[in-house]
Amino acid sequence: MGNEFGPFVAFQQARGFIPNLLQAQSLLPRVIEAQTILENAVLREGAISQIQKERILLRIAAHRQDTYCMSAHSRALCSLGVSDNHIDDLLSDYRNAKLSATDLASLQFCLKLARHAPAVNSEDIEALRTCGFIDEAIFESVLVAALAVYRCTLSAGLGPKPDFASKKFASTRDDPGSEAASNGTRPHTHEAVRRKGSYVSAPYLSPKAFTPFAIVEQSHGFIPNFFRAQTLLPDLLEAELEAVGHILLPEDALTRAQKECILLAVSAANLNSYCVAIHCNLLRGLGMPSDEGDQIAVDHHESSLSEADKALLDFAVKLGTRASEFSREDVVNLRRLGFTEERILECEVVTALNNFANTVQMGLGIEPDFAPPAAFQENKMNLVSACETPTKREGDVNLVGSLQNADAELVADAQSGNLKAFEELARRHTQLIYRTLIAILGNSADAQDGLQDTLLSAFKHIREFQGRAKFSTWLVSIARNSALQRLRRRRNTESLDESDNRDDEDFRPRQLRAWQDDPEQCHSKTERRQLVERGILALPAKYRVVVMLRDIEQLSTDDVAHQLGLSVPAVKTRLLRGRLMLREFLSPHLSTITKGAVQ
Amino acid sequence: MITCEEFFAEFADYMENQVSPEVRQELELHLAHCRACHVLYDTARKTVKFVTESDSFELSPTVSDPIIDRVMAKLRTDLS
């Protein structure tokens, strides 16, 4: 490539050399432009310093054993005036590199994000805030980690020779203990782990005022939350959009659809359900049948893509998720299938961009625009929870599985008069019984009385339990009958029957303002609980019961229907109606106050 | 493209992730273009999340233990 190419001239002037990582992409000058635009924007001095950013890049490169990037960022630190000794310390054991508490916290956060993105949660963000990080600094940290992942993915694909001698990197080893330092020592409350929602503030930008959004709206039909969540630093976002445009829009090498397939398959392999949903949607916009997109998300080998395209996705998934196993062999294989050098290069760049985007999404906790395909959820999301730090809910699932088995033995014992066994069963199911009762009765005092009645009645009739249904279902039916008797004594006319379908059918939701991205974060745990309890108790009983069992007790729709003796369609209708009533109840507390976002 | 009315007819199933790929495609095309329905979907989704993650109506052991103890005491007396 001639020396007049703008980005190369700029590098030559600023640093006196042209990095091999860029030289290796000379076949597609537009992707070099994309990378330099992105790097200039992410790495400039901002809320966190250039030195901090280069440290993060160096550590992530060291973790990935990427000698090219290690050498590049060592040199960059050196030119920023950092001593050789400090760089060596960073490479060998960064925790002994005498970093300030803030620097250490941001470094550990970025390492966790680059290594185990699905495990990042709002508690990590809170920890950064406690160290004094403002939103801009958190945002920049996430983007630096994403850029590190981008560069390392590309470097694994392109295999550039280091720009500088790199003898010292051979002995560097990533310290397996570092993860525990950022992850394991702080006890996780399940509340924090579960709290998702965009982590940093994102002021509303209208497409009229911010031209890049107008362009996205034109090309996508809407503005994905991925970009909406990054408006804190508009110039950075603008650079990112420009870079994305250079990589994804032209069709001189791969087609748009091929690139979207790569983004979908690698996002699915990275267990990123946000990106899976958006790329499924974009593929449909390009004319691909939606079950085909869903199939690529679950397993592209079973899709009806051509063998060549499947191989292209194999290549991308390997580079994107198992870069250390990636080799020249993989490139040769694609050549053999007829892929040109430009297409192979572009596939690598798109994979790197995907990893950048996946990292940004997980790091910022960006909320979905669409639900991901059900098939993907079922197949892959169990893996996500396996990656996450154990949460209460996960524990519950295991517990429920083993409890169901253990219930049978206890029931048999209780049926032969063993009171200890019955007491154990009672303790296990108290919560479910109580929630059923309060849902029907509408107040805690009656529900507590009802709990006592239900337990006494359950023991009295326990020999009648035949084991055909789950024991919990049987208990709920006793609780329901006991509650309905109480209602009748109160001469309450509220009916839970299926026949009572007045006003279920022609219900239409009211139009509301948009809500803020992270409604949870504006309320304490206690406030949230009180708000939900008030909202649910204000619902008519027939909706309250369904919402309670489905959303609070988290039974499946089928189980709810079974337990309440209702048909599945009736449960669905009531659930939707109840949820939408709750939505109206919660809205004044959770809607956005940003004027621009009001519809 | 489908109307808001048609979108709402499938909305309950969409929220529960129980629509066919073809219907899903129609719904998401609509969602991408209709701000009102997108707000409906987004607020409904956030409602479910807010509600499921609230741990509401948890009966603390300080309340439930005495109830169970009372029941067990009564059963013991009845049996003896």
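Helices are DSSP runs of H or I, at least four residues long, numbered from the N terminus. This is a predicted model: local features need pLDDT of at least 70, side-chain atom pairs count only at pLDDT 80 or more, and totals for chains, interfaces and linings use all residues. Residues are numbered from 1 along each chain as its sequence is written, and chains are lettered from A in the order in which they are written.

**Exercise 1.** Place Leu143(A) and decide: is Leu143(A) buried or exposed?

*Solution.*
- Find the element. Leu143(A) lies in helix 9 (residues 135–158) of chain A.
- Recall the cut-offs. Buried takes 20 or more other C-beta atoms within 10 Å of the residue's own, exposed 12 or fewer, with partly exposed in between; C-beta atoms are placed from the backbone.
- Apply them. Leu143(A) has 28 such atoms within 10 Å, so Leu143(A) is buried.
- List its contacts (C-beta atoms, placed from the backbone, within 7 Å). Beyond neighbours within four places in sequence, Leu143(A) touches Val42(A), Leu236(A) and Val360(A).

**Exercise 2.** Which residues of helix 6 of chain A are buried?

*Solution.*
- Helix 6 covers residues 84–93 of chain A, and its buried residues are Ile87(A), Leu90(A) and Leu91(A).
- Look down the axis. These buried residues fall within an arc of 95 degrees (directions from the helix axis to the C-beta atoms), so they line one face of the helix.
- Find the partners. The buried residues of helix 6 pack against helix 4 (50–63) and helix 5 (67–79) of chain A.

**Exercise 3.** How many residues does each chain give to the contact?

*Solution.*
- Chain B gives 43 residues and chain A gives 55.
- On the chain B side, helix 3 of chain B gives the most, with 13 residues.

Note on methods:
Helix = DSSP H or I, 4+ residues; strand = E, 2+ residues; numbered from the N terminus. Contact = placed C-beta atoms within 7 Å.
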